[in-house]
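Colleague: I am new to this model and would like to get to know it slowly. Please choose one part, look at it closely, and then show me how your tour leads on from there.

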Amino acid sequence: MSPTLLEARNVSKRFPVTKGLILGGNVGWIHAVEDVSFHIDGGETLGLVGESGCGKSTTARMVLLLERPTGGEMLYEGVSLQEMSGADLQRYRSTVQAVFQDPQSSLNPRMRVGDIVGEPLEVNAGLPRRAVRERVAEVLKDVNLDAAFAQLYPHEFSGGQRQRIALARALATHSRLIVLDEPVASLDASIRSQIINLLKDLQDQHGLSYLLITHDLAVSRHLSHRVAVMYLGRIVEEAKADALYAEPLHPYTKALIAAALPIRAGQESDEMVVAGEVPNPMDPPSGCGFHPRCPLAMPRCTEDEPALREVAPERRVACHLF
């Protein structure tokens with residue numbers, strides 16, 4: 001792995017909740033992300049996993065500068081995103097791209113594929129048309145599509161091909177970090193494996209870093225080098241992927257893996273089952289946010305928020321059991 005490319009330091013994001021359209025005031029806050037810290041090294045994939053509403057997508061939107069943190073800071077190659085401007089900010093937007101869940105809605109149906117893939121080059125790099133066409137042909141080849149496809153429209157392709165087009169668009173500006181927001185969730189199972197293998201190949205060829213946002217632990221297991229598990233806006237466990245899936249520590253991680261990755265016949269089960277729903281982020285519980293659903297909760301868990309501590313080399317967990 002290369003040196004750290006992106007780092008989040010104690011990042012938080014809260015959204016105000018207002019009452020009324022004209023004279024309404026602020027009646028509370030949605031705690032979307034709370035005190036989150038992580039890093040992504042060059043050539044590495046960090047998987048950010050958890051249930052819907054846990055803060056994964058809000059974290060991704062802050063990385064993409066679609067949201068600004070309420071607290072903390074994010075750094076790219078050691079430079080704070082909040083302090084970037086001018087050429088530095090343009091370079092960041094050029095080298096940090098995204099691939100979203102549904103390529104059908106993320107690709108403009110009125111534009112030809114060549115224009116879709118080449119648009120970031122014209123906006124960020126100001127290249128002449130000939131250079132744009134050459135780069136479009138190059139990245140289409142990288143994702144195993146014929147250069148002639150540049151003349152077609154998105155509706156003329158299958159779902160898997162459209163996701164390849166979205167990948168080509170993300171690669172066009174020589175990206176270093178790509179945010180993958182549920183990149184295979186809308187695809188058939190047979191196509192998923194092709195896109196996952198393509199993502200791995202592209203990472204090896206170009207030294208790409210990925211921030212993988214997913215609720216699918218099987219996808220994260222195949223793509224991630226490290227995994228951070230989020231619950232109610234906080235990271236509750238982080239470890240190398242192999243270690244986390246072999247021996248999850250946090251009760252929530254155990255429950256996620258038990259639900260998503262069933263054990264094989266004859267294998268001993270240490271299954272953790274949780275009941276109930278994720279608490280309201282406007283009114284999070286005191287102490288550990290997971291304690292209302294945790295079968296191992298202790299009295300201390302209702303009062304003290306556990307810190308995310310290193311319990312082994314390259315392994316952090318936020319739980320009073322450790």
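Modeller: Let me begin with a word we need straight away: a residue is buried when its relative accessible area is under 20%, exposed when over 50%, and partly exposed in between, using a 1.4 Å probe and protein chains only. Please keep in mind that this is a predicted model, in which local features need pLDDT of at least 70, side-chain atom pairs count only at pLDDT 80 or more, and totals for chains, interfaces and linings use all residues. Residues are numbered from 1 along each chain as its sequence is written, and side-chain values use heavy atoms, with hydrogens and water left out.

The part I have chosen is helix α1, residues 56-63 (helices are DSSP runs of H or I with at least four residues, strands are runs of E with at least two, and both are numbered from the N terminus). Six of its eight residues are buried, so the rest of the structure largely encloses α1. Those buried residues are Lys-56, Thr-58, Thr-59, Ala-60, Met-62 and Val-63. After the helix comes Leu-65, which has a positive phi near 65 degrees.

What does α1 lie across? The helix lies across β1, β2 and β4, running at about 115 degrees to β1. Contact here means heavy atoms within 4.5 Å, and the angle, on a scale from 0 to 180 degrees, is taken between N-to-C directions of lines fitted to C-alpha atoms, for helices over the stretch in contact.

These strands belong to an open, antiparallel sheet of four strands, in the order β2-β1-β4-β5. At its edges are β2 (26-41) and β5, each pairing on one side only. Two strands count as paired if DSSP finds at least two bridges between them. Between β1 and β2 there are 11 bridges, and Leu-6 sits opposite Ile-40 in β2. Moving along the sheet, β1 (residues 4-18) meets β4 (residues 71-76) through five antiparallel bridges, with Glu-7 facing Leu-75 of β4. Finally, β4 pairs with β5 (residues 79-80) through two bridges, again antiparallel, and Tyr-76 stands opposite Val-79. Two residues separate β4 from β5 in this hairpin, and Glu-77 in the turn has a positive phi of about 50 degrees.

Two residues we have met, Met-62 and Leu-65, also help to line the second largest cavity, together with Glu-67, Arg-68, Pro-69, Met-74, Leu-81 and Gln-82. A cavity is a set of points on a 1 Å grid over the protein atoms alone where a 1.4 Å probe fits but cannot get out, and a lining residue has an atom within 4 Å of a point. This cavity has a volume of about 50 Å³, where volume is the space filled by probe spheres set on grid points joined across faces, edges and corners. Its lining comprises five nonpolar, one polar and two charged residues (nonpolar covers Ala, Val, Leu, Ile, Met, Phe, Trp, Tyr, Cys and Pro; charged covers Asp, Glu, Lys and Arg; the others, including Gly, are polar).

The model has two cavities of 30 Å³ or more, and the largest holds about 80 Å³. Its 13 lining residues include Pro-251, Cys-288, Cys-294, Cys-301 and Cys-319, which lie nearest its centre. Ten nonpolar and three polar residues make up that lining, with no charged ones.

Pro-251 takes us onward, since helix α10 spans residues 251-260 and contains Thr-253. Thr-253 is buried, with a relative accessible area of 1%. Beyond its neighbours within four places in sequence, Thr-253 touches Val-229, Glu-237, Leu-244 and Pro-248. Glu-237, in turn, stands opposite Val-317 in β12. The strand pair here is β10 (residues 234-240) and β12 (residues 315-317), antiparallel and joined by three bridges. Five of the seven residues of β10 are buried. Six bridges link β10 to β9 (residues 226-231), also antiparallel, and Leu-232 in their hairpin has a positive phi near 50 degrees.

Stepping back, β9, β10 and β12 are among eight strands of an open sheet with mixed pairing, ordered β6-β7-β8-β3-β9-β10-β12-β11. From one strand to the next, the twist averages 25 degrees.

Notes. 1 Å grid on protein atoms, 1.4 Å probe; cavity = no way out; pocket = protein on both sides within 12 Å on 5 of 7 lines; lining within 4 Å.
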